[in-house]
Amino acid sequence: MLRRRWVDALVVVVVVLAFVLAPQAYSNETLLFQMMVYIALSQGVNILYGFTGYLPFGYVGFFGIGAYGASLLMLHLNWPPILALLGGGAIAVLLGLLLSPLLRLSGAYFAIASLAASQAVYLIVSNPALQNVTYGPYGIQLVSQFNPTLSYYVMVVILALTVAVVLYIRRSRFGTALQAMRDDPVSAAMAGVPVVRQRTFAWMISAAIAGLVGGAFAWQTSVFYPDAVFSLSISIFAIVFTLFGGAGTLLGPLFGSVVLYGMYNTIGISDPQYFQLIYGLLIILLVLFLPDGAASLLKRRGSHVL
Amino acid sequence: MLYALIAGVLFGLYYALIGLGLNLTFGVLRMVNLAHGDFVMIGGFAAVTAFSAWHLHPLWSLVLVAVLIFAVGIALYYVLVPRIAATKDPEMISLVLFFGLSQVIEALAVMRFGNNAQSIYEPVFGKAPVSILGQPFPAVWVVSGLVSLLALLLVYLYLYRTRIGYSTRAVMASREEAEVSGISVHKVSAIAFAIGLGLAAAAGALAPFMLGGITPDLGVGLTVTAFAVIVLGSLGNPIGTVAGGLIYGIALMLMQTYLPSWSALLPYLLLLLVLLVKPSGLFGRQVRSA
């Protein structure tokens, strides 16, 4: 038991150190920042899909509402950035609460309903009729609050928290209960698991992560349009990174994000459509030949993957 | 008001055509083809290209592209689906797979056609408006409505008047039972899947007129719209799809008349509303929620 705690703490420390020290060795801080964004988002997807089996295609909705929530709190109410970030996370949780009836749906229904919900949020936020509140399609400017260094370290903190939460879920009764529900909700309920409450709780944790990450992204980027933070590709990246590494593990999505996002940046710079093509093919091949992710390769050899 | 209603019916039939293929695929495979909208987009580009290159009438393109995509569908089925069906969680995995396919199609379309909207601007269906109940409508809307109606009728006849259609409905009702009673499930499913894609492409050939310009990124939005239409009229129920299409079309036209700036929200809100209030759809029998 004690040894496990040490291993957990070590993982968090390694992740934090890696991203604190990385800017010394590699000057492209934006890339490192975005890599953290995707690690955190794919862990958020992982909490939901890996542990409860719900695939949130509309996960980007929480990211976008977090980005907008934090930005608007800074712009309209002059909140300091870190407080506004927490506010953005809280707004994402509220949205999660509002959308929690979606969890009554199963399988593909949930996936597509969440997609529809995120698009609906996007169309509301970017609607020209709400220009006075959200600046409509004209985007957000946070130039006065721009602080790339501080926002980078805030993101490191968010990432560390996310990793810690996933580790906690993996080790705790809560995580076991979630996995039991995923495999058979009826039996889990019979065994005394409060299915609806715990599932909703997982959903809101996942929403909070995306909201905080969205806020940090908005702060770091400081100038963005609504389609940048509600782009469906954000959900899809997070899902693919998770699947590639292996859902339900901690290291899987981490590995997936670092490898695939790194790859994205080596090939993706020149022409977006070539990247999209390679990516689409990669998804197809992945699903056809490695549906349980890279972690399954190790598991097949009998080793335990954290 | 009357104008919006009639236009709604014409568009509704068209949207039913877009949804029908997706519904057929879902009914038979229990998988949602997220690339459905991209096949509509392919049909659209095919019609535009055929018209500008050889002056081919869009109705001919419609037939040609439907047949071609049907053949592609058969091949695609045998490459992709049996592998997926063998995995732990086929419903989810197939979503991701078809999403990947949709990305590939979109990327190829951008490479071939660029990002600019393309359309057919010549009045190939005649300039004179068609008058229904004293209201003038563009001829192409009426033609699209009628073509959609014809396609819906053909699918109905296929499902209810042919032997293989009978087997298809058996597979829809229960895959296992159909298999043990000697139906070749893969053959039936492959044909249904291919018909679904063919219908999408056929709808696409009319898209330059009904949806405006064709762009490579049309796919995802169309897929969600199609999903809204079929959920509205119950999954796995082809007649429900027609009703779903009509409701959607009329609602869309009313929104565009009275609340134009919010009309883009309609498919999403309608979908959420139906899923939350009555997930089985308006004409469904079984509830499919957890």
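The legends below describe close-up views of a predicted model, covering the interface of chain B and chain A and the surroundings of Ser61(B).

**View 1. The interface of chain B and chain A in the predicted model.** On the two sides of this interface, 43 residues of chain B are in contact with 42 residues of chain A. The area buried between the two chains is about 3900 Å², and carbon and sulfur atoms give 79% of that area.

**View 2. Polar and charged pairings between chain B and chain A.** The rule for salt bridges finds zero of them across the interface of chain B and chain A, while the count of residue pairs in polar contact, with both residues at pLDDT 80 or more, is one. Helices H3 (58-85), H4 (90-113), H9 (218-232) and H11 (266-277) of chain B are the elements that give two or more residues to the side of chain B that touches chain A. Of these contributions, the largest share comes from H4(B), with 16 residues. By residue class, the side of chain B that touches chain A comprises 32 nonpolar, five polar and six charged residues.

**View 3. Ser61(B) and the residues that it touches.** Ser61(B) is found in helix H3 of chain B, a helix that is also among the elements giving two or more residues to the side of chain B that touches chain A. Ser61(B) counts as buried because its relative accessibility is 4%, which lies under the 20% cut-off for that class. When residues up to four places away in sequence are not counted, Ser61(B) touches Ala47(B), Ala50(B), Leu56(B) and Ala66(B).

Notes: Residues are numbered from 1 along each chain as its sequence is written. Chains are lettered from A and ligands numbered from 1 in the order in which they are written. This is a predicted model: local features need pLDDT of at least 70, side-chain atom pairs count only at pLDDT 80 or more; totals for chains, interfaces and linings use all residues. Side-chain values use heavy atoms; hydrogens and water are left out. Contact means heavy atoms within 4.5 Å. Buried area is the accessible area (1.4 Å probe) that two parts lose on being put together, summed over both. A salt bridge is a side-chain nitrogen of Lys or Arg within 4 Å of a carboxyl oxygen of Asp or Glu. A polar contact is a pair of N or O atoms within 3.5 Å; within protein, one must be able to donate a hydrogen and the other to accept it, and residues adjacent in sequence count only if both atoms are side-chain atoms. Helices (H or I, at least four residues) and strands (E, at least two) are DSSP runs, numbered from the N terminus. Ala, Val, Leu, Ile, Met, Phe, Trp, Tyr, Cys and Pro count as nonpolar, Asp, Glu, Lys and Arg as charged, and the others, Gly among them, as polar. Buried means under 20% relative accessible area, exposed over 50%, partly exposed in between (1.4 Å probe, protein chains only).
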